[in-house]
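Let's take a walk through this protein together. Keep the viewer open, and turn the model as we go.

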Amino acid sequence: MRLWRPQKYYDEPGRGSLARDGGGVLLTQGIHTLDLMLSLAGRAAEVRGFATTSPLHAMETEDMVAAGIRFENGALGTVDATTAAYPGFAERIEVICRNGTAVLAGTGLDVTFHDGHTERVAPVETAAGTGANPMDFPHDWHRSAIADFLNALDEKRPPRISGREALKVHRLIDALIEAGRSGEKVAVAADQA
């Protein structure tokens, strides 16, 4: 997640603060990409990493994170998140597997198999929110999640995404921030029954 936000973005009162935003790049920009990563790779078990505020921004929270993740299934992963990468680039998830590699960049997907064949899903040509205008991204996914929640209330059924499911990415973000602060390996909190 190599995004760009100019200082004027953080000059808005409270932006980039714990009191207003609750966190920096991981919570305010990277949460959706991290959530998707967890749904593809499984639960994160432990992390090591760094979290800091770069010299480009005056803010309370982190604008740069570099970390390693060990997943519960034994797989390893990395997180590279910043709002200091001018002019901003599409979020990217790479999954390296036994039979090939899949790269999800923005809304495009490229899969290259070891036998040489490839599959591609072209990206949707919309704004991405990776640059200076944080509202320059499609709201369809947010809108559909909210609509499903409201429909679940009307239909007296559980929503597609439960609060318990949403907590998984928050637990990962908490562990990444703690690892950045402490310099130690941090276990990701397990689900509570």
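What follows goes through the sheets, the helices that lie across them, a pocket and a few residues that deserve a closer look.

Please keep in mind from the start that this is a predicted model.

A good place to begin is the sheet with strand order 3-2-1-8, an open sheet of 4 strands whose pairing is antiparallel. Strand 3, residues 76–82, and strand 8, residues 186–187, stand at its edges; each has a single partner strand, so one side of each is left without a neighbour in the sheet. As background, the strands of a sheet pair through backbone hydrogen bonds, in either a parallel or an antiparallel way. Look now at how strand 8 is attached: 2 bridges join it to strand 1, which covers residues 44–52, and the two run antiparallel. You can find the register by eye, since Val-47 stands opposite Val-186 of strand 8.

Two helices lie across this sheet. Helix 3, residues 31–41, lies across strand 1, strand 2 (64–71) and strand 3, and runs at about 15° to strand 2. Helix 5, residues 163–182, lies across strand 1, strand 2 and strand 8, this time at about 50° to strand 1.

Now move to the other sheet. Here an open sheet of 4 strands has the order 4-5-6-7, again with antiparallel pairing. Strand 4 and strand 7 are its edge strands, each pairing on one side only, and the twist averages 10° from one strand to the next. Helix 3 turns up here as well: it lies across strand 4 and strand 5, running at about 15° to strand 4.

Follow the chain through the hairpins of this sheet. Strand 5 (residues 100–105) and strand 6 (residues 108–113) pair in the antiparallel sense over 6 bridges, with Ala-105 opposite Gly-108 of strand 6. The two strands form a hairpin with 2 residues between them, and Gly-106 in the turn has a positive phi of about 65°. Strand 6 then pairs with strand 7 (residues 118–121), also antiparallel, over 4 bridges. In this pairing Thr-112 stands opposite Thr-118 of strand 7. The hairpin of strand 6 and strand 7 has 4 residues between the strands, and there Gly-116 takes a positive phi near 100°.

With the sheets in place, we can look at empty space. Rolling a probe the size of a water molecule over the atoms shows where such space is left. The second largest pocket holds about 730 Å³ of space. It is lined by 25 residues, of which Thr-78, Arg-92, Ile-93, Glu-94 and Val-95 are the closest to its centre. Which elements each supply at least two residues of this lining? They include helix 3, strand 3 and strand 4 (92–96). By character, the lining residues divide into 16 nonpolar, 4 polar and 5 charged.

Next comes the loop between strand 3 and strand 4, where Ala-84 is found. Is Ala-84 buried or exposed? At 16% relative accessibility it counts as buried, because the cut-off for that class is under 20%. Leaving out residues up to four places away in sequence, Ala-84 touches Leu-3, Trp-4, Ser-54, Leu-56, His-57, Asp-63 and Met-64. Ala-84 and Val-25 are 59 residues apart in sequence, yet their C-alpha atoms are 9.7 Å apart in space. Pro-87 lies in this loop between strand 3 and strand 4 too, and a cis peptide bond joins Tyr-86 and Pro-87, with omega about 5°.

That bond is worth a pause, and so is the backbone of the next residue on our tour. Most peptide bonds are trans, and most residues other than glycine have a negative phi. Lys-156 is not a glycine, but it has a positive phi of about 55°. You will find Lys-156 in the loop between helix 4 and helix 5, where it is exposed, with a relative accessible area of 75%.

Asp-148 offers a contrast in setting. It is found in helix 4, residues 140–155, and is buried, with a relative accessible area of 8%. Which residues does Asp-148 contact, leaving aside its neighbours within four places in sequence? They are Arg-157, Pro-159, Arg-160 and Ile-161.

Terms used
Residues numbered from 1 in each chain as written. Predicted model: local features only at pLDDT ≥ 70, side-chain atom pairs only at ≥ 80, totals over all residues. Heavy atoms only, no water. Pairing = 2+ DSSP bridges. Contact = heavy atoms within 4.5 Å. Axes fitted to C-alpha atoms, helices over the stretch in contact; angles between N-to-C directions. 1 Å grid on protein atoms, 1.4 Å probe; cavity = no way out; pocket = protein on both sides within 12 Å on 5 of 7 lines; lining within 4 Å. Points joined across faces, edges and corners; volume = space filled by probe spheres on them. Nonpolar A, V, L, I, M, F, W, Y, C, P; charged D, E, K, R; others polar. Buried < 20%, exposed > 50% of the residue type's maximum accessible area, 1.4 Å probe, protein only.
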